[in-house]
Amino acid sequence: MKNIAVLGGGLTGLSAAFHLSRRFPTAQIAVYNTDARFGGWVRSQRVTVSDADVVLEAGPRTLRPNARSVLELIHLLDLSSSLVTVPKTSEAARSRFLYVPEFGGLHRLPSTPLDLLKWSGLSAKSNLDRLLLSSLCREPFRRWNRSPGHDDESVDDFMTRRFGSEFSRIFASALVHGIYAADARKLSIRSAFPSLWDAEERGKGSVISGFLRRARHSTSTEEGVPYKLGSVEEKMQDTSVFTFRDGIGTITNALVKYLRGRPNVRMQGGVSITGIRIHPRSKQFELITTGLETVSPTHIASTLPLFRLQSLLTPATPLPHLTANTYTSVTVVNLVFKRPPSSSPPLHPDGFGYLVPRPLAGYYGGSNRFGVLGCVFDSSSVAAQDTSRDVVKMTVMLSGPYPSCQLSIPDLLNELSVHLGRPLPEPLLVKLHHNKHCIPLLSVGHPQRMEELRHILANEPWTGRMEVIGAGVGGVSVGDCIEAGRNVGKKWT
Ligand SMILES: C=Cc1c2[nH]c(c1C)Cc1[nH]c(c(CCC(=O)O)c1C)Cc1[nH]c(c(C)c1CCC(=O)O)Cc1[nH]c(c(C)c1C=C)C2
């Protein structure tokens with residue numbers, strides 16, 4: 001009989017246990033999680049602030065409807081009734097800003113190609129608009145400049161080759177901050193934005209031509225078991241991003257509830273694995289737990305950060321590349337303010353929020369003292385989570401590639417006032433979360449290294465009985481993590 005150990009109880013581990021328990025209803029499944037609380041980086045909290053109940057997120061806050069594995073979970077766990085959707089036509093979806101001090105401060109980005117032409121070409125509002133338009137217009141005319149034999153490079157090198165160095169420093173670094181909270185000069189283009197790499201090939205050197213030509217073969221993982229979506233897909237028509245009334249934690253809480261209700265699943269919260277051995281003769285797995293208990297699963301799905309997995313292995317059965325990538329840390333600051341009266345200017349423009357690109361003088365140049373990566377105007381998009389419109393909630397993200405610093409909230413608020421071009425009142429609530437090593441920095445060469453890791457795991461002595469998945473292996477988004485859990489153990493017969 002199958003006896004499966006799932007290591008880690010974050011999004012990937014919970015998704016793995018959910019799908020494995022459905023695929024192998026007679027298997028014994030145990031989910032080991034160091035923390036007594038399951039859910040990993042997903043932490044949604046409802047708090048009361050001055051008569052209002054508001055939802056605060058310490059991790060991911062909105063999801064995109066293109067992740068079908070997430071839509072499937074919403075259907076299978078019956079979560080549709082608590083969806084909060086942000087329409088594509090809303091300001092929260094259409095208005096995204098960059099804060100670029102050397103170009104005068106806060107800039108709204110065009111949201112469509114037509115918008116771009118209107119914005120930059122005709123009215124040519126600023127030098128930043130002109131830079132954006134000229135970099136995009138010139139790209140198709142740049143020669144095919146990828147070095148032969150090159151099979152990966154940094155996001156910054158790729159963007160500089162195709163769009164120029166200033167475009168890359170401003171636009172690509174900001175995008176990378178908003179997703180990976182990392183330095184675009186270190187991140188692998190093939191891991192972070194494979195569609196850009198593929199478009200360059202399809203467009204015979206031009207990324208824009210490649211996007212204009214439709215991809216003939218889908219590279220998505222949609223082959224195999226069809227997604228069970230019920231009516232969730234229709235509900236997502238014209239949705240830009242979505243969340244739930246009680247935040248993203250709705251998914252992880254529902255997964256935990258489902259798994260706790262399955263007779264063949266044991267949820268081992270507060271239990272760490274301290275070692276993974278393969279018995280030299282029987283070839284059986286042996287997992288040592290913090291309680292010094294030894295368990296012998298037939299199969300293992302590891303969703304642990306790769307550096308943690310490395311620390312569990314013995315010299316007799318090493319695995320390659322587990323410490324090749326570093327992990328980035330993000331400080332998340334939730335701020336709740338009293339909404340100013342309608343006769344006063346609003347605290348921020350209506351929109352998604354803003355990102356801050358890599359400073360001209362670099363991360364260590366001191367111009368961005370607290371390492372602000374961006375700020376999300378939560379009330380613009382997800383006000384439906386809160387019981388009152390009398391408060392404004394915002395979330396500031398700090399740190400990532402910046403040097404660590406002593407955070408002062410009053411000084412940070414002064415800095416945000418400069419970004420927003422208006423004074424901010426004393427907040428009603430400030431909540432700080434230090435997310436240490438929360439996002440893996442998939443550095444150049446990552447896809448090749450993971451291919452080698454998969455090859456080793458498929459052969460003796462592992463023989464495919466252990467799979468290593470999760471953000472450190474195959475993509476950092478919520479959709480990637482849930483998809484990885486959905487696909488684990490497909491070859492375990
Ligand atoms: C803790 C902070 C996080 C930062 N990035 C992530 C987290 C959890 C992970 C992440 N953020 C986004 C994606 C892409 C998702 C997708 O396209 O499917 C991932 C993997 C995008 C994103 N970034 C922010 C928001 C609100 C979103 C979601 C949806 C959207 O694009 O509208 C805000 C944000 N996240 C981080 C920073 C620095 C930041 C700044 C505004 C880091």
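**Figure 1. Helix 2 and its surroundings in the predicted model.** Helix 2 covers residues 68-76, and seven of its nine residues are buried, so the helix is largely enclosed by the rest of the structure. The buried residues of helix 2 are Arg68, Ser69, Val70, Leu71, Glu72, Leu73 and Ile74. Among the elements that cover these residues are helix 11 (232-235), helix 12 (249-260) and helix 18 (478-487). Just after helix 2 comes Asp78, with a positive phi of about 60 degrees.

**Figure 2. Helix 6 and the helices packed against it.** Helix 6 runs from residue 155 to residue 163 and is mostly covered, with seven of its nine residues buried. Those buried in helix 6 are Val155, Asp156, Phe158, Met159, Arg161, Arg162 and Phe163. They pack against helix 5, helix 7, helix 8 (189-192), helix 9 (194-202) and helix 10 (207-212). Gly164, just after helix 6, takes a positive phi of about 100 degrees.

**Figure 3. Leu136 in helix 5.** Helix 5 spans residues 127-138 and contains Leu136. Is Leu136 buried or partly exposed? Leu136 has 17 C-beta neighbours inside 10 Å, so it counts as partly exposed; a buried residue would need 20 or more. Arg162 lies 26 residues from Leu136 in sequence, and the C-alpha atoms of the two are 9.0 Å apart in space. Arg162 is one of the buried residues of helix 6, and helix 5 is among the helices that the buried residues of helix 6 pack against.

**Figure 4. The shell around the ligand.** The ligand is surrounded by 24 residues, of which Ile179, Leu373, Gly374, Met397 and Ser477 are the closest. Two or more residues of the shell come from each of helix 7 (165-180), strand 14 (327-338), strand 15 (353-355) and strand 16 (372-376). Which element gives the most to the shell around the ligand? Strand 16 does, with four residues. Sorted by class, the shell holds 13 nonpolar, nine polar and two charged residues.

**Figure 5. An open sheet of seven strands.** The strands of this sheet follow the order 7-6-15-16-17-14-18, and their pairing is mixed. Strand 7 (105-109) and strand 18 (429-440) stand at the edges; each has a single partner strand, so one side of each is left without a neighbour in the sheet. From one strand to the next, the twist averages 25 degrees. Strands 14, 15 and 16, which belong to this sheet, also give residues to the shell around the ligand.

**Figure 6. Strand 6 beside strand 7.** In general, strands of a sheet pair through backbone hydrogen bonds, either parallel or antiparallel. Strand 6 (residues 96-100) and strand 7 run antiparallel and are joined by five bridges. Across this pair, Tyr99 stands opposite Leu106 in strand 7.

**Figure 7. The whole protein, for orientation.** The protein has 18 helices and 19 strands. Its radius of gyration is 23 Å, close to the 23 Å that the globule rule gives for 493 residues, so the protein is as compact as a globular protein of that length. The C-alpha trace spans about 75 × 60 × 45 Å along its principal axes. Of the 493 residues, 43% count as buried. Among contacts between residues at least 6 apart in sequence, 73% join residues at least 24 apart.

Key: Residues numbered from 1 in each chain as written. Predicted model: local features only at pLDDT ≥ 70, side-chain atom pairs only at ≥ 80, totals over all residues. Near = placed C-beta within 6 Å. Nonpolar A, V, L, I, M, F, W, Y, C, P; charged D, E, K, R; others polar. Pairing = 2+ DSSP bridges. Axes fitted to C-alpha atoms, helices over the stretch in contact; angles between N-to-C directions. Rg over C-alpha atoms; globule rule 2.2 N^0.38 Å. Buried ≥ 20, exposed ≤ 12 C-beta atoms within 10 Å, placed from the backbone. Contact = placed C-beta atoms within 7 Å.
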